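I sat down today with a structure that was new to me and kept a notebook beside it. Here are my entries, in the order I looked things up.

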Amino acid sequence: MPRLQGSDLLVVESDLFRDIVIVFVVAFIGSLTARTLRLPVLLGYLVAGMVIGPHVLEVVGNLETVQTLAEFGVILLLFAVGVEVSFRDVTKLRNVAVFGGIIQILATVGLGYGIGTLLGWEREQAVVLGMVISLSSTMVVLKTLTDRGELQSLHGRILTGMLLIQDLAFIPMIAILPALAGDDRPFMAELGIGVLKAVAVLGVMGLVGGRALPWLLYRVTRLGSREIFIVTVVAVTFVSAAATESAGLSAALGAFVAGLLLSETEFGH
């Protein structure tokens, strides 16, 4: 196996550094343009990403690494949003959020199925279309609500609960896909395993996090180091993200749950 020379490492690092510089510069231009036009800043980010991405100008070369860094950004963003959300306020609206979320998913799946049927698609393809369009981007919706200062509003809290239901609905959808593809594997067994894993992970996060997180942060604050406190919070965020990802859920959901748990402690500010 050939060994990498020092010059090779410098080339790889310089390419990545160049890509990161390009991403931030173009993101600045896109966000500034969107703000000037009185459009959501997130729209400017999306357009800027499409322009420099592989399907338009192909400016960014190290695409996989930049995508990995983007996932880190989404995790930290959802954690920050979770800290701003009151878990108690969300649970007060659980009936509206749960039933509203289920009705929204079923209605959207039915709409997608109808559209697919009208287009002449097979039944399985139409069902997949319905499942795809029934799920919203948690990151986009919560970021938009935060930017508009509506995260703590009534509709903001309801939407937050419905987004959590959508994230949980991702498990049965993934379990159903093999059956739609004609796979002989019993999807009910996979569905049961997936649901049990998700319930176990979220349950442990809620029970352990609700008790251990305040204790841990209290011990850390007694050290008198703001830097150690921040590192601890970031570590907790990524451990939570890894836990939910291992259960078949999104890593961003774990970060969001970590933020919710932290918001209920005295360290939420």
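The entries below cover helix pairs, salt bridges and a few single residues.

**Entry 1: what I am looking at**

I note at the start that this is a predicted model.

**Entry 2: α5 and α6**

I began with helix α5, residues 94–118, and helix α6, residues 123–133. Their axes are 7 Å apart and the helices pack at an angle of about 140°. Angles over 145 degrees would count as roughly antiparallel. The angle found here makes α5 oblique to α6. I also looked up the hand of the crossing, and α5 passes α6 in a right-handed one.

Which residues make this contact? From α5 I wrote down Thr 108, Val 109, Gly 112, Tyr 113, Ile 115, Gly 116 and Thr 117. From α6 come Arg 123, Ala 126, Val 127, Leu 129, Gly 130, Met 131 and Ile 133. Sorted by kind, the residues of this contact give 8 nonpolar, 5 polar and 1 charged.

**Entry 3: α10 and α11**

Next I turned to helix α10 (residues 226–246) and helix α11 (residues 251–263). Here the axes come within 7 Å and cross at roughly 135°. That angle makes α10 oblique to α11. The crossing of α10 past α11 is right-handed.

On the α10 side I listed Val 233, Thr 237, Ser 240, Ala 241, Thr 244 and Glu 245. On the α11 side I listed Ala 251, Leu 253, Gly 254, Ala 255, Ala 258 and Leu 262. My tally for this contact reads 7 nonpolar, 4 polar and 1 charged.

**Entry 4: salt bridges**

How many salt bridges are there? The count comes to 4, and I looked up three pairs, as follows. A reminder to myself: side chains of opposite charge can pair when their charged atoms come close.

Arg 123, which I had already met in the contact of α5 with α6, forms a salt bridge with Glu 124. The closest N and O atoms of that pair are 3.8 Å apart. Arg 123 counts as exposed, at 58% relative accessibility, while Glu 124 is partly exposed, at 26%.

Lys 143 pairs with Asp 147, with 2.7 Å between the closest N and O atoms. Both sit in helix α7 (residues 138–147), 4 residues apart, so about one helical turn separates them. Is Lys 143 buried or exposed? Lys 143 counts as buried, at 16% relative accessibility, because buried means under 20%. Its partner Asp 147 is partly exposed, with a relative accessible area of 46%.

Arg 148 and Glu 150 also meet through their side chains in a salt bridge, at 3.4 Å from N to O. Arg 148 is exposed, with a relative accessible area of 57%.

**Entry 5: Asp 19**

I then followed Asp 19, found in helix α1 (residues 6–36). Asp 19 counts as buried, at 0% relative accessibility. What does Asp 19 touch, not counting residues up to four places away in sequence? I found Val 59, Val 60, Gly 61, Asn 62 and Val 66.

**Entry 6: Phe 72**

My last stop was Phe 72, in helix α3 (residues 63–84). Phe 72 counts as partly exposed, at 39% relative accessibility. I compared its place with that of Ala 241, one of the α10 residues in the contact with α11. Phe 72 and Ala 241 are 169 residues apart in sequence, yet their C-alpha atoms are 10.0 Å apart in space.

Technical notes. Residues numbered from 1 in each chain as written. Predicted model: local features only at pLDDT ≥ 70, side-chain atom pairs only at ≥ 80, totals over all residues. Heavy atoms only, no water. Axes fitted to C-alpha atoms, helices over the stretch in contact; angles between N-to-C directions. Helix = DSSP H or I, 4+ residues; strand = E, 2+ residues; numbered from the N terminus. Parallel < 35°, antiparallel > 145°, perpendicular 65-115°, else oblique. Left-handed = near helix turned anticlockwise from the far one by under 90°. Contact = heavy atoms within 4.5 Å. Nonpolar A, V, L, I, M, F, W, Y, C, P; charged D, E, K, R; others polar. Buried < 20%, exposed > 50% of the residue type's maximum accessible area, 1.4 Å probe, protein only.
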